[in-house]
Each structure stands twice: as C-alpha cells, then as structure tokens.
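Reader: Hi! I'm a first-year student, and I'd like a close look at the part of this protein where the charged side chains meet. Could you walk me through it slowly?

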Amino acid sequence: MALRNAVMAALLEGEASGYDLAKAFDASVANFWTAAPQQLYRELERMHEEGLIAARVVEQERRPNKRLFSLTEAGMEAVRAYVAEPFGKPTAIRDELLVKVQCADVGDIDAVKAAITERMEWAETKLARYERLRERLLAGRTENEYFAEAERIGPYLTLLRGMAFEKENLQWGERALHILERRATAPHVR
C-alpha cells in the first residue's frame with residue numbers, strides 16, 4: 001500500500017493541515033500505518049501536484065500561515081479505485097524484537113526480557129490511547145448505536161484491529177517472559 005492511500009483515508013475525515021495529518025498518523029491511523037512527518041509532507045506535495053488533493057492557505061495572525069488539504073473529486077475517485085482493487089498479499093511481520101527473541105538462547109536473556117518488557121509498556125500506552133479514542137468515537141453510545149448512527153464506521157473498525165493487535169502484544173509478552181523466566185531457572189544443556 002502506498003502512503004498516499006493512507007493520506008487519502010485520513011482526509012476522508014475532512015480538511016486537515018499537514019500538522020493535523022501528522023497527528024492523525026500518530027493517533028488514529030497509527031494502528032495500521034506510520035509515516036515520518038517529512039514523508040507525509042513530500043507525499044502531500046506530490047498529491048497536490050497530481051490533483052488528488054486541493055490546498056488552501058489560512059492566514060493566521062500570531063502563527064505562520066497554514067495550508068489545509070482536502071480531497072478533490074479526482075482524489076475521491078482514487079480512493080474508490082483503491083478500495084475496489086484486489087487485496088494483495090497479507091502483511092508479513094518484520095520486527096527487530098522477534099529477531100532478538102529468536103537469538104535469545106545464545107545471547108543475553110535479561111536484555112531480551114527487558115526488550116519484551118519495553119514492548120509491553122509501549123503496547124499498554126497505545127492501548128490506553130486507543131481506548132480514549134474509542135470512547136470519543138462512541139460518545140456515550142453503544143457500538144450498535146454507533147454503527148447505526150455514524151456517518152463512517154471504517155475508523156472504528158480499524159481502531160478495533162489496532163486494539164486487538166496491542167492486546168495480543170501484551171498476551172504474547174507475558175507468555176514469552178514467563179517462558180524465558182522458567183528457562184533461566186531450569187537446568188538445561190547449552
């Protein structure tokens with residue numbers, strides 16, 4: 001998937017500045033896509049040049065002027081075309097932590113356990129942020145009420161996937177730490 005598709009997905013929420021989009025990538029879109037701010041700004045320029053997004057300048061008194069971006073009709077058509085494309089191969093996991101875990105038997109197990117613990121702390125932080133976003137989206141409604149009333153349900157569904165991912169990270173981390181701890185205390189051959 002190209003970054004532009006994630007940008008267009010974020011712009012479905014409405015007009016946004018590059019700064020707003022960077023925050024969205026760090027919050028709501030972060031459960032399925034990440035991008036550095038400089039990548040995002042480069043992509044916004046390309047998309048503007050290609051007519052997929054429009055930009056307007058908002059003058060501000062005490063701050064630098066800002067550009068607000070929105071999808072053009074060509075951008076909406078690009079979103080529709082993207083959604084209609086056949087699904088590609090499932091995403092493969094590329095995770096440096098798992099490479100370290102793979103090598104745990106010949107390395108510093110305490111360092112591996114510390115890395116797993118750090119990953120779990122990140123997962124807890126992200127899960128708490130996702131839960132706050134979920135509560136904001138629901139705004140006191142049940143899920144069924146939200147699905148019946150909300151203009152768009154895609155953001156909620158992707159949020160649920162991000163939450164499930166972080167919960168699974170925590171479950172795996174707990175199990176991996178337990179196994180590594182047992183391994184460290186059990187007699188075994190090296």
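**A walk among the charges**

Author: Let's start from the tail end: Pro187 sits in the segment after helix H8, which covers 154-185. Pro187 counts as exposed because its relative accessibility is 82%, and exposed here requires over 50%. Before we go further, please keep in mind that this is a predicted model. Its mean pLDDT is 90, and 95% of the residues reach 70 or more. Among the elements, helix H7 (residues 143-149) has the highest mean pLDDT, 96, while helix H2 (residues 18-26) has the lowest, 82. As a general habit, coordinates should not be read in detail where pLDDT is low.

From Pro187 we can jump to Glu135, a charged residue. The two are 52 residues apart in sequence, and their C-alpha atoms lie 48 Å apart in space. Glu135 has a partner: its side chain meets that of Arg134 in a salt bridge, with 3.3 Å from N to O. The two partners differ in cover. Glu135 is partly exposed, because its relative accessibility is 43%, whereas Arg134 has 18% and so counts as buried, the limit for buried being under 20%. Elsewhere, salt bridges with shared partners join Arg4, Glu43, Arg46 and Glu50 into one network.

Arg4 brings us to helix H1 for a moment. This helix spans residues 3-11, and 8 of its 9 residues are buried, so the rest of the structure largely encloses it. Arg4 is one of the buried ones, and Leu3, Asn5 and Val7 are also among them.

Now for salt bridges across the chain. The whole structure holds 17 of them. One joins Asp105 to Arg183, where the closest N and O atoms are 3.7 Å apart. That pair links distant parts of the chain: Asp105 belongs to the loop between helix H5 (96-102) and H6, Arg183 belongs to helix H8, and 78 residues separate them. Both ends keep some access to the surface. Asp105 is partly exposed, since its relative accessible area is 43%, and Arg183 is partly exposed with 36%.

A second bridge to look for runs between Lys126 and Glu166, whose closest N and O atoms are 3.3 Å apart. Lys126 lies in helix H6 and Glu166 in helix H8, so this pair ties together parts that are 40 residues apart in sequence. Here the cover is uneven again. Lys126 is partly exposed, because its relative accessibility is 25%, but Glu166 has just 4% and therefore counts as buried.

Let's stay with helix H6 for the last stop, and look at charges gathered on the surface. Glu118, Glu121, Glu124 and Glu174 form a negative surface patch. Helix H6, residues 109-138, gives the most to this patch, with 3 residues. Glu124 is in helix H6, and it is partly exposed, because its relative accessible area is 45%. That value clears the cut-off for patch members, which must have over 30% relative accessible area and no salt bridge. A general point is handy when you look along any such stretch: an α-helix has 3.6 residues a turn, so residues three or four places apart point the same way.

To retrace the route, follow helix H6 in the viewer: Lys126 there reaches Glu166 in helix H8, and Glu124 is in helix H6 too. Then find Asp105, in the loop between H5 and H6, and trace its link to Arg183 in helix H8.

Technical notes. Residues are numbered from 1 along each chain as its sequence is written. This is a predicted model: local features need pLDDT of at least 70, side-chain atom pairs count only at pLDDT 80 or more; totals for chains, interfaces and linings use all residues. Side-chain values use heavy atoms; hydrogens and water are left out. Patches are made of residues with over 30% relative accessible area and no salt bridge: like charges are joined within 9 Å, nonpolar side chains (Val, Leu, Ile, Met, Phe, Trp, Tyr) within 5 Å. Accessible areas come from the Shrake-Rupley method with a 1.4 Å probe; for residues, only the protein chains shown count as cover. A salt bridge is a side-chain nitrogen of Lys or Arg within 4 Å of a carboxyl oxygen of Asp or Glu. Lys and Arg count as positive and Asp and Glu as negative; His and the chain ends are not counted. The place of a charge is taken as NZ of Lys, CZ of Arg, CG of Asp or CD of Glu. Helices (H or I, at least four residues) and strands (E, at least two) are DSSP runs, numbered from the N terminus. Buried means under 20% relative accessible area, exposed over 50%, partly exposed in between (1.4 Å probe, protein chains only). pLDDT is the predictor's confidence in each residue, from 0 to 100.
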